[in-house]
Amino acid sequence: MKRWSKTLAVTLSLVAVLGVTASGQLGQILKGGGIAFLVSNFGKDINKALNKLTNTRDRTEDYATKVVPVLSAGQGTAVGAVQVMGPPAAVDRVQAVAQVEGNFRALGVRIRALVPVETRSITNIKRVPGVGISGLLDIKL
């Protein structure tokens with residue numbers, strides 16, 4: 001019985017240490033998964049709400065709009081969502097927006113580029129020309 005108690009104590013201690021260490025990563029995973037879930041399931045509704053807010057038609061022969069996730073180029077996880085706008089054929093190709101960050105040290109400025117891309121993977125980024133960002137979504141999880 002003592003051996004079992006020792007094993008249980010060591011196991012619980014290890015789980016506690018790992019839990020504290022991994023809690024930040026787990027939060028990021030849950031947040032990324034939550035954003036991906038929201039955009040996948042409610043993207044069309046969010047897009048309609050943004051278009052209503054800005055008095056924009058959803059789709060014409062000249063342009064279309066769509067809500068897609070923002071992927072962090074460093075991690076590949078969903079970190080937000082945006083509405084993209086451009087020619088309908090180009091917007092249809094957009095699957096996500098890659099977020100690339102950098103610093104302009106001379107001025108102390110942080111730079112963030114949002115690039116519409118054809119895949120939800122950051123390993124093979126292929127920009128979709130002619131499409132821009134027309135709305136940013138703040139999603140609290």
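This passage describes the overall fold, the confidence and the two largest pockets of a predicted model of one protein chain.

The protein chain contains two helices and five strands, and these elements are arranged along the sequence in the pattern α-β-β-α-β-β-β. Of its 141 residues, 28% count as buried, and the chain exposes about 9,700 Å², of which carbon and sulfur atoms supply 59%. When contacts between residues at least 6 apart in sequence are considered, 52% of them are found to join residues at least 24 apart.

Confidence in the model varies along the chain, for which the average pLDDT is 78, with 71% of the residues scoring at least 70. Among the elements, helix H2, which spans residues 88-93, has the highest mean pLDDT, at 96, whereas H1 has the lowest, at 64. Over residues 14-18 the pLDDT is below 50, and this stretch makes zero contacts in the model beyond near neighbours in sequence. A further stretch, residues 20-30, likewise stays under 50 in pLDDT, and here the model has one contact beyond four places in sequence.

The largest pocket in the model has a volume of about 320 Å³. Its lining is made up of 19 residues, and those that lie nearest the centre of the pocket are Gly43, Lys44, Asn47, Lys66 and Val67. Two elements, helix H1 (2-53) and strand E1 (64-72), each give two or more residues to this lining, and the largest share, nine residues, comes from H1. The helix that provides this share is thus also the element with the lowest mean pLDDT. In chemical character, the lining of the largest pocket divides into seven charged, six polar and six nonpolar residues.

The second largest pocket holds about 210 Å³ of space. It is lined by 13 residues, among which Val79, Gly80, Ala81, Arg112 and Leu137 are the closest to its centre. In this case the elements that give two or more residues to the lining are strands E2 (78-86), E4 (109-117) and E5 (132-137), with E2 supplying the largest share, four residues. The lining of the second largest pocket comprises nine nonpolar residues, together with two polar and two charged ones.

Key. Residues are numbered from 1 along each chain as its sequence is written. This is a predicted model: local features need pLDDT of at least 70, side-chain atom pairs count only at pLDDT 80 or more; totals for chains, interfaces and linings use all residues. Side-chain values use heavy atoms; hydrogens and water are left out. On a 1 Å grid over the protein atoms alone, a cavity is a set of points where a 1.4 Å probe fits but cannot get out, and a pocket is an open set with protein on both sides within 12 Å along at least five of seven lines; lining residues have an atom within 4 Å of a point. Grid points are joined across faces, edges and corners, and a volume is the space filled by probe spheres set on the points. Ala, Val, Leu, Ile, Met, Phe, Trp, Tyr, Cys and Pro count as nonpolar, Asp, Glu, Lys and Arg as charged, and the others, Gly among them, as polar. pLDDT is the predictor's confidence in each residue, from 0 to 100. Contact means heavy atoms within 4.5 Å. Buried means under 20% relative accessible area, exposed over 50%, partly exposed in between (1.4 Å probe, protein chains only). Accessible areas come from the Shrake-Rupley method with a 1.4 Å probe; for residues, only the protein chains shown count as cover.
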